[in-house]
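User: I would like to learn how to read burial and chain contacts in a model. Please take me through one.

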Amino acid sequence: MTKTLPPRARQSAYTPNDDLSGSLPSSIRMADEFHREELLMEKLGTRGWGRLLYFQRCYSQGWGENGKGQPLSPRSVEALFRFLEALPTSENKPSVFLTDEGNVELGWENSADAAVQVEFTPDGAEYFIERGTEGTVSHSGLAGLAIQLAR
Amino acid sequence: MHVAGEENVVRAMWTDKYDGERFSASAFKGSDLSVSRLAVISLDDHWPLFRDRVQFPAGRTLLAFAEINVSKLAALGRTHAPQITLWVDAVPLDWNPAHAEVRGNVTRGLANRILDAVEVHWSQLR
């Protein structure tokens, strides 16, 4: 003789913490971070990668001569990654700087030996090409700017 | 008080503005840029003053002072397109009586011209 048990409400094997629900699983976030580290190494080289890490970890609010330096802006870093994704890899690695406003700045020379500079701001980027132009682009224009400046 | 055109001023250059290969033009970009007057404190005395006071955070190192004449700085602004009026005001601080600020909003293009015009004095401890 068989007996049928009454149906039970099905429960998930685990329930994510409140601070994790809605965000990506940790394995995906780790893969994303690994991809970003690889991108930095490929496009900026070890020196640029190390400098960015140093600015992120050591420059807190109030750094600098008069205590007015701002910590590295996460939105500036986001803009940097968007730009680097589209920037062709080159042997001529850009220099990486931190501005007093907390923005990342890249500087290098293009194939015509003209200085090229890009400062990543919370709103996008400000760029400069020696003997040429300077201007600004929004976040949506960063990939196009990377291709334009790589020429 | 305006700083006289005959005076020379220096801008401290730190690890965040030099990576061993290139200087950052952002060191000269913006408004109310901090500089220091050589007429008040000699270049030799600037080194210990800045090292003792502002090597923060750890690893941030004073690498050089970039020197420029005040009249030359104003002329660079005047001849830039579009023209930018620059002058230097003395703004003494407790720790640095030679402290001054460059008035006028220096654009990135002008900052690059200033960077090309400065005389760089490197730190012996670099």
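User: Why is α3(B) largely enclosed by the rest of the structure?

Analyst: Note that this model is predicted. A residue is taken as buried if 20 or more other C-beta atoms lie within 10 Å of its own. In α3(B), 7 of the 10 residues are buried, so the helix is largely enclosed. The buried ones are B:Arg108, B:Gly109, B:Leu110, B:Ala111, B:Asn112, B:Ile114 and B:Leu115.

User: What covers the buried residues of α3(B)?

Analyst: The cover comes from both chains: it includes β3, β4 and β5 (134-138) of chain A, and also β3 and α2 of chain B.

User: Which residues of helix α2 of chain B are buried?

Analyst: In α2(B), residues 70-78, they are B:Val70, B:Leu73, B:Leu76 and B:Gly77. They lie on the same side of α2(B), because they cover an arc of only 120° around the axis. Their cover includes β1 (8-14), β3 (62-69), β4 (87-90), β5 (99-103) and α3 (108-117) of chain B.

User: How many residues does the contact take from chain A and from chain B?

Analyst: In general, the size of an interface is often given as the accessible area lost when the parts come together. Here a residue count serves: chain A contributes 25 residues and chain B 19 residues. On the side of chain A that touches chain B, two or more residues come from each of α1 (26-58), β1 (95-98), β2 (104-109), β3 (115-121) and β4 (124-129). The most come from α1(A), with 5 residues.

User: What is the make-up of that side of chain A by class?

Analyst: The side of chain A that touches chain B has 10 nonpolar, 8 charged and 7 polar residues.

Definitions and conventions:
Residues numbered from 1 in each chain as written. Chains lettered and ligands numbered in written order. Predicted model: local features only at pLDDT ≥ 70, side-chain atom pairs only at ≥ 80, totals over all residues. Buried ≥ 20, exposed ≤ 12 C-beta atoms within 10 Å, placed from the backbone. Helix = DSSP H or I, 4+ residues; strand = E, 2+ residues; numbered from the N terminus. Arc of directions from axis to C-beta. Contact = placed C-beta atoms within 7 Å. Nonpolar A, V, L, I, M, F, W, Y, C, P; charged D, E, K, R; others polar.
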